[in-house]
Amino acid sequence: WSLHSTWSLHSTKIERSIYGRSIIVLNKICAIFSKEPDAILFVSKAGMNSHISYGYENSNMLIINNGYDLNKFYSDDTLRNEFRSKNAISSDVFTIGCIGRMHPAKDHDNLFAALSKIKYKLGKFIIVMAGSGIESNNCELMKLIEVYGLTENVKLLGEQSNMCAVYNMLD
C-alpha cells in the first residue's frame with residue numbers, strides 16, 4: 001500500500017465455515033498491519049467492533065453506513081411497470097427482492113427456509129433475485145429453491161446493470 005491509504009471493510013464476521021481458511025489467515029495478517037493505513041472504513045458499527053475483536057488497531061476507524069443516492073435511486077412508476085412487464089410479473093403480485101451475489105455469506109438457504117414457512121400467509125408473491133450467480137443454470141441455487149417448494153415464487157435475474165429499475169419493481 002502507499003503511504004497514504006485507506007482500507008474499506010464490508011464484512012462483519014469472518015467465519016471459516018463461510019470464507020475458508022485463507023481468508024481467516026489474511027484477516028489475521030491484516031490485523032497485524034492495521035495501524036499502517038491512514039484510515040479504515042467500515043459499513044457498520046458491528047463490523048468495526050468485530051474487526052477490533054480480531055486485533056485491528058487504527059486511530060482513524062470510521063463508520064460510513066450503507067445507504068443510497070436519492071438522485072440515482074428514486075421512485076418511478078414507468079420504470080416499475082416496464083421492468084415488471086419485461087419480466088412477466090403482474091402488477092397484482094406482491095414482490096420481494098433479494099439483491100446480492102451467490103455466496104454462503106448471503107445465506108440464501110435461511111432466506112428460502114423463512115419464505116417457505118410464511119409462503120401461504122403471504123398470498124400471491126414472488127421474490128426477485130439479482131446478482132452474480134443468481135441464474136437458473138446455478139444448480140446449487142435451483143436445488144435450494146426446489147427443496148423449499150418455492151419454484152413458482154422465485155424470479156432469477158442474474159447480474160443487472162439498471163438497479164434503479166429492479167428496486168422500482170419491488171414492493
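These exercises with worked solutions go through a sheet, the salt bridges and the nonpolar cores of one predicted model.

The model is predicted, so local features need pLDDT of at least 70 and side-chain atom pairs count only at pLDDT 80 or more, while totals for chains, interfaces and linings use all residues. Residues are numbered from 1 along each chain as its sequence is written, and side-chain values use heavy atoms, with hydrogens and water left out.

**Exercise 1. The sheet**

Task: State the strand order of the open sheet of three strands, and find which strands stand at its edges.

Solution:

Step 1. Strands are DSSP runs of E with at least two residues, and helices are runs of H or I with at least four, both numbered from the N terminus. Two strands pair if DSSP finds at least two bridges between them.

Step 2. The order is β1-β2-β3, and the pairing is parallel. The edge strands are β1 (6-9) and β3 (61-63); each has a single partner strand, so one side of each lacks a neighbour in the sheet. On average, neighbouring strands are turned by 25 degrees against each other, direction ignored. Axes are lines fitted to C-alpha atoms, for helices over the stretch in contact, and angles run from 0 to 180 degrees between N-to-C directions.

Step 3. Four bridges join β1 to β2 (residues 39-42) in the parallel sense. In β2, T6 has A39 as its bridge partner, and I40 stands opposite W7.

Step 4. Helix α3 (residues 45-53) packs on this sheet and touches β1, β2 and β3. Contact means heavy atoms within 4.5 Å. The direction of α3 makes about 155 degrees with that of β3.

Step 5. Buried means under 20% relative accessible area, exposed over 50%, and partly exposed in between (1.4 Å probe, protein chains only). Side chains alternate along β1: W7 and L9 point to one face and are buried, whereas T6 and S8 point to the other and are not.

**Exercise 2. Salt bridges**

Task: Which parts of the chain does the salt bridge between K35 and E57 tie together, and which residues form one network?

Solution:

Step 1. A salt bridge needs a side-chain nitrogen of Lys or Arg within 4 Å of a carboxyl oxygen of Asp or Glu. By this rule there are four salt bridges.

Step 2. K35 and E57 meet at 3.8 Å, N to O. K35 lies in the loop between α2 (21-32) and β2, and E57 in the loop between α3 and β3, so the pair ties together parts 22 residues apart in sequence. K35 is exposed at 57%, and E57 is partly exposed at 45%.

Step 3. R80 and D171 meet at 2.6 Å, N to O. R80 is in helix α4 (residues 77-86) and D171 in the segment after α7 (163-169), 91 residues apart. R80 is buried at 18% relative accessibility.

Step 4. D171 also meets R84, at 3.1 Å, N to O. R84 is buried at 2%. Through shared partners, R80, R84 and D171 form one network.

**Exercise 3. Nonpolar cores**

Task: Find which element supplies the largest share of the largest nonpolar core.

Solution:

Step 1. A nonpolar core is a set of buried Ala, Val, Leu, Ile, Met, Phe, Trp, Tyr and Cys residues joined through side-chain atoms within 4.5 Å.

Step 2. The largest has 14 residues; F83, I89, I126, V128, L157, V166 and M169 touch the most other members. At least two residues each come from α4, β5 (125-130) and α7.

Step 3. The largest share, five residues, comes from α7.
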